[in-house]
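Work through these short exercises with the structure open beside you. Try each task before you read its solution.

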Amino acid sequence: MRFSLIKYETFNHSKTKLRYHLIFSTKFRKKCLDLIKSSIFKYCILAEISKKTFFIETMEIDKDHIHFLLTIKPSESISNVVKILKQFSTYYVWKNNKNCISKFYWKKHYLWTRGYFICTVGECSEERIKKYINEQG
């Protein structure tokens, strides 16, 4: 688990704070993540460090799914970040924990489902933003 002190990211002509709650689960909802929990943390952080287009503010792993709170650069797409996280973690888990993970996925090198859940995380409610916009002008 990691925490960020970053309030806003400043670029040449913009200031942003793009945060997302991301969840993805294991293929066939296999309850295998407890056995490789520390590896998953390590490989997701490795993906973050190598790409430098997103920041994992916090993450937590359950038996068959993983939660992230991500900050993403405006030039990066969320689908690409999901792809990076899934590819890095799958590749390195199979490379370094093959004996453990092959008990669950013996035919192909699976780990994650294709799908994912994503939603934005804001600092104020939708109602508050609507009220602010309506009070302008």
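This is a predicted model.

**Exercise 1. A hairpin**

Task: Find how many residues lie between β4 and β5 in their hairpin. Then find how the two strands run and how many bridges join them.

Solution:
- Step 1. Three residues separate β4 from β5, and the two strands form a hairpin.
- Step 2. β4 covers residues 54–61. β5 covers residues 65–72.
- Step 3. The strands run antiparallel, joined by seven bridges.
- Step 4. Pick one pair as a check. Ile 56 has Leu 70 in β5 as its bridge partner.
- Step 5. Now look at burial. Six of the eight residues of β4 are buried, so the rest of the structure largely encloses this strand.

**Exercise 2. Cysteines and disulfides**

Task: Find how many disulfides the structure holds. Explain why Cys 100 does not bond to Cys 32.

Solution:
- Step 1. The count of disulfides is zero.
- Step 2. Take Cys 44. It is in no disulfide, and the nearest cysteine sulfur, in Cys 32, lies 13 Å away.
- Step 3. Is Cys 44 buried or exposed? Its relative accessibility is 0%, so Cys 44 counts as buried.
- Step 4. Take Cys 100. Its closest cysteine sulfur is that of Cys 32, at 7.6 Å, which is too far for a bond. A disulfide needs the two sulfur atoms within 2.5 Å.
- Step 5. Cys 100 has a relative accessible area of 18% and is buried. The cut-off for buried is under 20%.

**Exercise 3. Salt bridges**

Task: Find how many salt bridges the whole structure has. Then say where the partners Asp 64 and Arg 29 sit in the chain.

Solution:
- Step 1. A search of the whole structure gives four salt bridges.
- Step 2. One of them joins Asp 64 to Arg 29, with 3.2 Å between the closest N and O atoms.
- Step 3. Asp 64 sits in the loop between β4 and β5, while Arg 29 sits in the loop between β3 and α1. The two are 35 residues apart, so this pair links distant parts of the chain.
- Step 4. Compare the partners. Asp 64 is buried, at 7% relative accessibility. Arg 29 is partly exposed, at 44%.
- Step 5. Glu 60 and Lys 37 form another salt bridge, at 3.5 Å from N to O. This pair also links distant parts of the chain: Glu 60 is in strand β4, Lys 37 is in helix α1, and they are 23 residues apart.
- Step 6. Glu 60 is partly exposed, with a relative accessible area of 35%. Lys 37 is partly exposed too, with 28%.
- Step 7. Glu 135 and Lys 131 meet in a salt bridge of 3.8 Å, N to O. Shared partners also give a network: salt bridges join Arg 29, Lys 31 and Asp 64.

**Exercise 4. A surface patch**

Task: Name the residues that form a nonpolar patch on the surface, and give their accessible area together.

Solution:
- Step 1. The patch consists of Ile 129, Tyr 132 and Ile 133.
- Step 2. Together they have about 330 Å² of accessible area.
- Step 3. Place one member. Tyr 132 lies in helix α4, residues 126–134.
- Step 4. Check its exposure. Tyr 132 has 54% relative accessibility, so it counts as exposed. The cut-off for exposed is over 50%.

Terms used. Residues numbered from 1 in each chain as written. Predicted model: local features only at pLDDT ≥ 70, side-chain atom pairs only at ≥ 80, totals over all residues. Heavy atoms only, no water. Patch = residues over 30% accessible without salt bridge, like charges linked within 9 Å, V, L, I, M, F, W, Y side chains within 5 Å. Areas by Shrake-Rupley, 256 points an atom, 1.4 Å probe, with all protein chains shown as cover. Salt bridge = Lys/Arg side-chain N within 4 Å of Asp/Glu carboxyl O. Helix = DSSP H or I, 4+ residues; strand = E, 2+ residues; numbered from the N terminus. Buried < 20%, exposed > 50% of the residue type's maximum accessible area, 1.4 Å probe, protein only. Pairing = 2+ DSSP bridges.
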